[in-house]
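I set down here what I looked up in this structure, entry by entry. Each entry begins with the point I wished to settle.

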Amino acid sequence: NGASFAGGGIAPGEIATVFGSTLTASTGINFTSSLPLPTTFLNDSVIIDGSPAPLFAIDNVNGQEQINFQVPWEVASETKAFLVASNNGITSAVLVVPVLTAQPAVFNYNVGGNTFGVILHANYQLADTGHPAQAGETVLIYCTGLGLVNSPPADGAAGNGQTTLLTPTVTMGGKNAAVSFSGLAPGFVGLYQINAVVPSGLASSNQPVVITMGGSSSNSALMPTQ
């Protein structure tokens, strides 16, 4: 999973990462720059069930190599997928990867040893320690791995607010947060957005936010509250 780096499977439409060696002849951090996403970049590709996956980036930094890609929507009809990486026409061994209904994960960042979620106020201001969330307001949680959506876009194409087939459960500080929207973030590939209402009764502190969907729970990411 490209947000939490959790393994165990892939979910249709999600942002995913494959790690390995000799994945690329390039060095540094290399992002693709156009939409729809290309399926070949720097002579590298990730092939899932015989079809190349859309690519976000190819990295080779200090000997750690990774390719970030979107899982094709079509894998939803399968229970497992066959994945290979290709570097200048040379392919890796085949990986057999379970296909999950969902694999929710909150995008996050680290400050002072704490892992905070990429969670925004309705005005798109980051809900950070200088701008904490308050009870009763709706915040936007950015995540991936929420699975199939209604009328999914083409692989590698940006979403336009398509809603997820399943409704996630969101907790903040262990309390249920009412979800008013769950779907693709407009203008992005593989990025999902959950709009949820901050419950009352939370202490003024960093509160853990967790998404549960399709029998899987996300990483825990902190959200400052007041």
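**Entry 1: Gly183**

In which strand is the place of Gly183? I worked from a predicted model. I found Gly183 in strand β17, which covers residues 179-184.

I then looked up the accessibility of Gly183. Its relative accessible area is 0%, so I recorded Gly183 as buried.

Next I asked which residues Gly183 is in contact with, leaving aside its neighbours within four places in sequence. I listed Gln162, Thr163 and Thr164, and also Leu191, Tyr192 and Gln193. I also looked up the spacing to Ile194: the two residues are eleven apart in sequence, and their C-alpha atoms are 6.7 Å apart in space.

**Entry 2: Asn60**

I turned to Asn60, which I found in strand β5, residues 55-61. Is Asn60 buried or exposed? Its relative accessibility is 16%, and the cut-off for buried is under 20%, so Asn60 counts as buried.

What does the side chain of Asn60 reach at 3.0 Å? I noted the backbone oxygen of Ser26 as the partner. Ser26 also appears among the contacts of Asn60 outside four places in sequence, together with Thr24, Thr27, Gly28 and Glu65.

**Entry 3: a nonpolar patch**

I looked up which residues make the nonpolar surface patch of about 310 Å². They are Ile29, Phe31 and Val61. Of these I followed up Phe31, which is found in strand β2, residues 28-31. Phe31 has 60% relative accessibility and therefore counts as exposed.

**Entry 4: aromatic pairs**

How many aromatic pairs does a search of the whole structure find? I recorded two.

One of them is formed by Phe5 and Phe19, with 5.6 Å centre to centre and 75° between the planes, an edge-to-face arrangement. Phe5 lies in the segment before β1 (15-20) and Phe19 in strand β1, so this pair ties together parts that are 14 residues apart in sequence. I entered Phe5 as exposed at 51% relative accessibility and Phe19 as partly exposed at 41%.

Why is the pair of Tyr109 and Phe116 stacked? I found the ring centres 5.8 Å apart and the planes at 25°; the pair counts as stacked because planes under 30 degrees apart are classed in that way. For the two residues I entered Tyr109 as partly exposed at 23% relative accessibility, whereas Phe116 is buried at 5%.

How values were computed
Residues numbered from 1 in each chain as written. Predicted model: local features only at pLDDT ≥ 70, side-chain atom pairs only at ≥ 80, totals over all residues. Heavy atoms only, no water. Helix = DSSP H or I, 4+ residues; strand = E, 2+ residues; numbered from the N terminus. Buried < 20%, exposed > 50% of the residue type's maximum accessible area, 1.4 Å probe, protein only. Contact = heavy atoms within 4.5 Å. Patch = residues over 30% accessible without salt bridge, like charges linked within 9 Å, V, L, I, M, F, W, Y side chains within 5 Å. Areas by Shrake-Rupley, 256 points an atom, 1.4 Å probe, with all protein chains shown as cover. Salt bridge = Lys/Arg side-chain N within 4 Å of Asp/Glu carboxyl O. Polar contact = N/O pair within 3.5 Å; in protein donor to acceptor, adjacent residues only side chain to side chain. Phe/Tyr/Trp six-rings, centres within 6.5 Å; stacked < 30°, edge-to-face > 60°.
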